[in-house]
Amino acid sequence: MFRARTALAARLAMRTRVVMPARSLSTNALDPLDTYKRRHNGVSDKKDIDAMLKVANSPSMDEFVKSVVPEDLLFQRPLAIEPAKGFSETELLARLKEIASKNKVLRSFIGRGYYNTLLPLVIQRNLLENPQWYTSYTPYQPEISQGRLESLINYQTLVTELTGMDVANASLLDEATAAAEAMIMSFVGLNRKKPIYYVDESVYPQTRAVLETRASGLGIQVKYGLPEDNNFEGSCGALIQYPAANGSIGEWKATADAIHAAGGTFTVAADLMALTIIEPPSTFGADIVVGTTQRFGVPMGYGGPHAAYFAVKDSVKRKLPGRIVGKSKDRLGNVAYRLALQTREQHIRREKATSNICTAQALLANISAFYAVYHGPEGLRKIAERINSLTTALAQVISEKYEVLNKSWFDTLTVSVPSADAIMTDALSKGINLYKIDDKTVSVSLDESVTTEDFAALCELFGGKAPEAVDYAVSVPCPRTSKYLQQPVFNKYHSETELLRYMTQLQSKDLSLANSMIPLGSCTMKLNATVQMVPITWPEFGNLHPFAPLDQTKGYQELITELENDLADITGFAATSLQPNSGAQGEFTGLQAIKAYLKSKGEGKRNICLIPVSAHGTNPASAAMCGMKVVPIKCTPQGELDLTDLEAKAEKHKDDLAAIMITYPSTFGVFEPTVKKAIDIVHSHGGQVYMDGANMNAQIGLTSPGDIGADVCHLNLHKTFCIPHGGGGPGVGPICVRSHLAPFLPAHHEIELPARELGQAIEAVSAAPWGSAGILPIPWAYIKLMGGAGLKSATEIALLSANYMKERLANHYKVAYVNNQGRCAHEFIIDLRPFKALGVEAIDIAKRLQDYSFHAPTMSWPVAGTLMVEPTESESLVELDRFCDAMIAIREEIKEIEDGKVAYTDSVLAHAPHNQEDLLLGEWNRVYSREKAAFPVPNLKERKFWPSVTRVDDTYGDTNLFCTCDPVEAHADLD
Amino acid sequence: MLRTAFARSSLAMRSRVPMAFRFYSNNLTPDSPVTSYGADPTVRYTENHEWIAVHKDNVAFVGITKYAADALGDTTFVEVVETPTETEAQESIGSVESVKSASDLYSPVTGTVIEANEELVNSPGLVNEDPMGKAWFAKIQISNPAELDQLMDSDKYEAFLKENDH
């Protein structure tokens with residue numbers, strides 16, 4: 001029943017199988033009662049559903065669904081998910097244990113950018129396993145996000161201190177894509193006029209592969225190896241690895257000078273742990289430093305997720321890709337953190353953007369930040385010194401019998417052996433994984449987890465004997481002389497009690513799903529169930545190296561194959577690639593696959609990508625990154641795709657048309673009835689159809705991208721399939737494709753993926769073969785717990801909840817977009833522009849919602865001056881009503897301004913949000929009472945979430961950019 | 001991973017923002033550096049909301065319109081090009097950032113940027129104070145005056161704004 005299947009044939013077989021419908025109520029006492037669906041769906045009581053249907057004016061769920069989704073799109077095939085009725089929670093864990101037992105966790109000394117690490121349990125339990133940290137959203141509402149913003153400032157400070165650079169961002173997806181961003185920054189910085197980019201042979205192959213993928217779309221030529229005469233003329237820069245892949249620590253000053261002489265940018269991929277004891281790249285002229293903070297407490301997770309870092313000099317800080325946390329002040333003048341410079345990239349610049357990076361790895365960055373806070377500079381240095389001392393001792397033992405090829409090292413030794421296979425086999429028998437470089441070379445990398453027994457086993461493997469004791473003796477060519485991490489935060493939380501209290505203090509400032517619903521449109525903030533989160537910290541999933549031999553990772557293979565098949569079934573497609581680490585990366589991957597497919601047909605000149613003006617900004621940014629030319633398609637005033645314009649543009653570009661990118665339901669939250677027509681138009685003009693899966697939560701079990709007629713889609717596993725948002729990452733953005741695109745899915749240099757066998761695979765898009773494999777148990781578990789019918793019911797409840805709220809709020813606000821039956825899909829847009837004449841803007845209502853203990857809906861996207869509400873299926877009727885009541889009460893507050901009773905500038909809206917300091921300190925001389933400010937509705941007296949600061953000053957923060965934590969205890973006066 | 005929470009009020013986008021544009025004057029500020037350079041410059045507009053004021057000697061000032069400045073909100077950062085720089089029409093000759101938006105400024109014409117307004121870099125707030133006067137971005141010696149025929153005059157620009165105001 002759980003056999004892994006190969007994609008296409010199995011899918012066809014599954015389609016024809018009859019699947020029994022799910023039983024909602026079992027009559028068999030042998031059936032388990034700890035079923036999941038009723039825990040996942042916030043509304044499952046028939047009485048509640050009937051009441052909601054009544055408000056939505058619909059006689060039944062079936063009739064309701066038909067009024068939302070165009071009938072010609074509704075499919076009749078049941079999903080082929082096994083088990084059809086879903087596992088109980090106990091059954092699920094048993095099945096996962098069975099899968100996990102097929103993963104063999106050997107001692108990994110593979111290295112190559114992935115290391116064992118000792119995640120302090122206080123951090124594991126209170127952060128990684130804590131819903132207050134993992135269920136929060138990207139901190140776009142800073143007043144209720146100060147905890148993780150402070151932690152991310154700590155992260156940025158950690159990076160700038162260790163690299164010696166001036167400014168760091170709040171993390172990127174992985175080291176390889178961070179290096180790609182550096183390459184593109186180098187290229188664009190010289191106006192795209194110098195296309196050559198040098199990549200030194202010290203750089204990891206997984207990074208090089210991603211650089212090649214990303215270079216291809218922009219016309220950059222990646223050259224492997226630095227020019228022999230050190231002449232960098234004609235190039236935009238170079239990348240080196242420090243320490244190198246072979247372990248050696250190079251001397252790079254002359255290289256840096258030569259690159260600078262030619263006007264190029266020098267990028268260093270550096271190991272942060274090594275930087276605690278060797279000179280930082282700033283000392284030898286680095287312009288950009290990138291790398292991963294994985295070994296700062298984040299489990300390897302078979303490849304990810306981990307936080308990559310990216311640091312630059314002050315002069316180019318405004319070109320930094322990704323998110324940056326900056327310091328600003330609030331209305332009362334207190335220090336407040338916020339996301340700075342949010343407008344530079346794809347959100348606004350669309351096809352002019354140079355990056356489609358739209359996310360970070362906040363949860364993992366926070367783990368690494370707390371790891372550094374807990375150990376402090378002394379602790380980190382001690383860890384690095386131990387690693388280096390043991391490596392030196394191992395080198396002495398090995399040198400007695402073999403040659404160590406690298407003459408300097410931090411943690412890695414490259415060893416010449418008579419037969420690599422022989423020593424690898426010997427290692428396996430001792431439960432050890434080494435890395436085989438070629439037939440006569442292996443490498444071994446040590447880390448903080450090495451025990452006395454490990455060390456003895458390694459010595460024995462190389463024919464020596466471990467010494468009784470090893471002295472701490474740092475042996476590196478360029479020992480670090482400068483101090484680092486002297487800021488108070490890294491020097492006062494070294495006992496578990498203190499750290500626990502610091503973490504708790506920070507988390508209490510952040511509103512998460514543990515506090516209230518987060519109705520962010522297009523973000524799908526649904527339940528991240530505990531049962532789905534439990535397995536990710538099991539050692540069988542957490543402690544596997546991504547390059548471990550496949551016969552040690554059979555459990556992962558089984559889970560991945562099942563997940564790939566289930567996702568393909570759900571999307572109506574033939575094959576899946578789990579490699580992309582975000583939705584935007586999925587877009588890039590899907591378009592690259594389309595390009596490769598067209599090229600294979602001799603139609604490589606097709607390079608026009610049609611994109612509706614209503615599309616998310618990542619769409620045109622991704623197309624531009626692939627080297628496609630973006631042609632915008634108009635939308636009608638009702639927000640629908642303008643078919644006349646589409647027809648005209650498709651006809652005009654019929655010889656060059658490559659693709660269209662559409663979002664379905666549309667970004668305006670409506671199932672457009674004309675989508676099939678639009679797809680037909682594009683197909684008939686030779687183009688492929690890319691469907692953005694951001695709104696997939698409205699489709700599952702009712703229709704699918706494949707059934708609608710698309711060729712490829714990405715999914716956001718962190719939206720639709722329960723991976724938590726982590727306070728701003730991780731994300732996972734797999735793509736699913738029709739069979740003709742399957743051969744063009746991404747490959748990996750280290751691990752043979754199925755697409756590679758077909759010989760036409762594109763190069764890797766991520767460093768690890770399956771991207772963020774470590775969190776794939778979450779979507780797998782969600783699907784298996786719900787079963788096919790359960791997934792469909794979740795979609796129905798999501799649609800009903802949105803329409804119920806829309807009906808309730810439509811009496812008080814203007815709802816902007818609906819279909820011809822007055823229905824929205826899974827989300828809807830409230831138009832606040834009519835209030836602008838009063839002075840009231842969307843941001844006022846967003847901030848006022850914080851006083852009601854809610855996170856605002858998505859603000860001013862996709863239409864400025866609006867809020868987009870998406871409840872998901874996981875909220876109860878009580879919570880839906882609580883939110884509607886808050887919005888209605890706020891409408892009354894607006895009315896006071898409308899009626900002339902209060903001036904906007906004096907109003908409770910203009911002053912929102914109110915924190916305790918604002919209400920308690922100083923004289924109260926507002927026109928409204930303290931009670932109205934803080935407890936405008938009675939239920940808040942029982943359940944109040946307090947914003948920790950008042951409204952944050954965006955303009956001040958962006959004009960005075962400051963991105964690290966304060967060097968001294970007292971906060972400087974901001975004015 | 002996520003859909004963000006920002007206004008898409010890019011200059012290059014058909015902005016949905018201000019309902020109140022009708023009350024603005026998208027005309028040059030009298031007695032500004034632009035008007036005092038010479039008498040009666042010809043003023044033209046682009047669909048990206050740039051203005052260009054061309055003087056008799058084919059020296060033109062370029063900036064963003066009042067409408068665009070209002071759509072941006074508080075300007076936090078301005079970037080201008082080094083001079084002299086050869087530019088073609090539609091090539092980026094600067095950028096402007098606010099808390100809501102970031103956009104490139106595109107040259108409406110082909111020519112040479114002979115001077116950039118360094119004062120803007122230090123005082124980005126000028127863009128909001130006086131977008132069609134003190135906040136000029138670049139001074140261009142234009143090489144093909146015929147290109148101006150493709151741009152909008154004041155009436156056409158106002159009509160364009162009305163048409164695109166949903």
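Tutor: Let's start with what a ring pair is: the rings of Phe, Tyr or Trp, taking the six-membered ring of Trp, pair if their centres lie within 6.5 Å. In this predicted model, such pairs join Tyr302(A), Trp538(A), Phe541(A), Tyr556(A) and Trp770(A) into a cluster.

Student: What sits over the ring of Trp538(A)?

Tutor: The charged end of Lys97(A) does, at 4.1 Å from the ring centre. The distance part of the test asks for NZ of Lys within 6 Å of the centre, and 4.1 Å meets that. Elsewhere in chain A, Lys944(A) has its charged end over the ring of Phe935(A), 5.8 Å from the centre, a value that also falls within the 6 Å limit.

Student: How many aromatic pairs are there over all chains?

Tutor: The count is 26. Take Phe266(A) and Phe284(A) as one of them: their centres are 6.4 Å apart and their planes meet at 55°.

Student: Why is the pair of Phe266(A) and Phe284(A) called tilted?

Tutor: Check the distance, then the angle. The 6.4 Å separation is within 6.5 Å, so the rings pair. An angle under 30 degrees would be stacked and one over 60 edge-to-face; 55° is neither, so the pair is tilted.

Student: What makes this pair a tie between parts of chain A?

Tutor: Phe266(A) belongs to strand β6 (residues 265-270), whereas Phe284(A) is in the loop between α12 (272-275) and β7 (288-292), so the pair links parts 18 residues apart in sequence.

Student: Are those two residues buried or exposed?

Tutor: Buried is the word for anything under 20% relative accessible area. Phe266(A) has 0%, so it is buried, and Phe284(A), at 8%, is buried too.

Student: Which kind of pair do Tyr45(B) and Tyr157(B) form?

Tutor: A stacked one, with 4.7 Å from centre to centre and 5° between the planes. That angle is under 30 degrees, so the word fits. Tyr45(B) is in strand β1 (residues 42-45) and Tyr157(B) in helix α5 (residues 154-163), so parts of chain B that are 112 residues apart in sequence are tied together. Both tyrosines are buried.

Student: How do you know that Lys719(A) is buried?

Tutor: Its relative accessible area is 1%, under the 20% cut-off, so buried is the right label. Lys719(A) is found in the loop between β21 (712-714) and β22 (735-737) of chain A, and a polar atom of its side chain lies 3.0 Å from the backbone oxygen of Ser522(A). An unreviewed UniProt entry annotates Lys719(A) as "modified residue: N6-(pyridoxal phosphate)lysine".

Student: Why does Lys100(B) count as partly exposed?

Tutor: Its relative accessibility is 26%. That lies between the 20% limit for buried and the 50% limit for exposed, so partly exposed is what remains. Lys100(B) is in the loop between β6 (92-98) and β7 (102-106) of chain B, and UniProt, in an unreviewed entry, places "modified residue: N6-lipoyllysine" there. The UniProt annotation "domain: Lipoyl-binding", also from an unreviewed entry, covers residues 59-141 of chain B; the end C-alpha atoms of that span lie 5 Å apart.

Student: Which backbone oxygen does the side chain of Asn117(B) reach at 2.8 Å?

Tutor: That of Trp136(B); the side chain also reaches the backbone oxygen of Lys134(B) at 2.9 Å. Both distances are within the 3.5 Å allowed for a polar contact. Asn117(B) sits in the loop between β8 (111-116) and α3 (118-122), and at 5% relative accessibility it counts as buried.

Student: What makes helix α6 of chain A mostly covered?

Tutor: Six of the eight residues in α6 (residues 121-128) are buried, among them Val122(A), Ile123(A) and Leu127(A). The buried residues pack against α7 (131-134), α14 (362-399), α17 (496-507) and α18 (530-533) of chain A.

Student: What is the mean pLDDT of chain A?

Tutor: It is 94, with 95% of residues at 70 or more. Residues 1-23 of chain A, though, are below 50, as are residues 970-975. For chain B the mean is 83, and its residues 1-23 stay under 50. The model as a whole scores ipTM 0.72 and pTM 0.92.

Methods
Residues numbered from 1 in each chain as written. Chains lettered and ligands numbered in written order. Predicted model: local features only at pLDDT ≥ 70, side-chain atom pairs only at ≥ 80, totals over all residues. Heavy atoms only, no water. Helix = DSSP H or I, 4+ residues; strand = E, 2+ residues; numbered from the N terminus. Buried < 20%, exposed > 50% of the residue type's maximum accessible area, 1.4 Å probe, protein only. Lys NZ or Arg CZ within 6 Å of the ring centre and 35° of its normal. UniProt positions renumbered as here; feature names shortened; annotations may be inferred. Polar contact = N/O pair within 3.5 Å; in protein donor to acceptor, adjacent residues only side chain to side chain. pLDDT = per-residue confidence, 0-100. Contact = heavy atoms within 4.5 Å.
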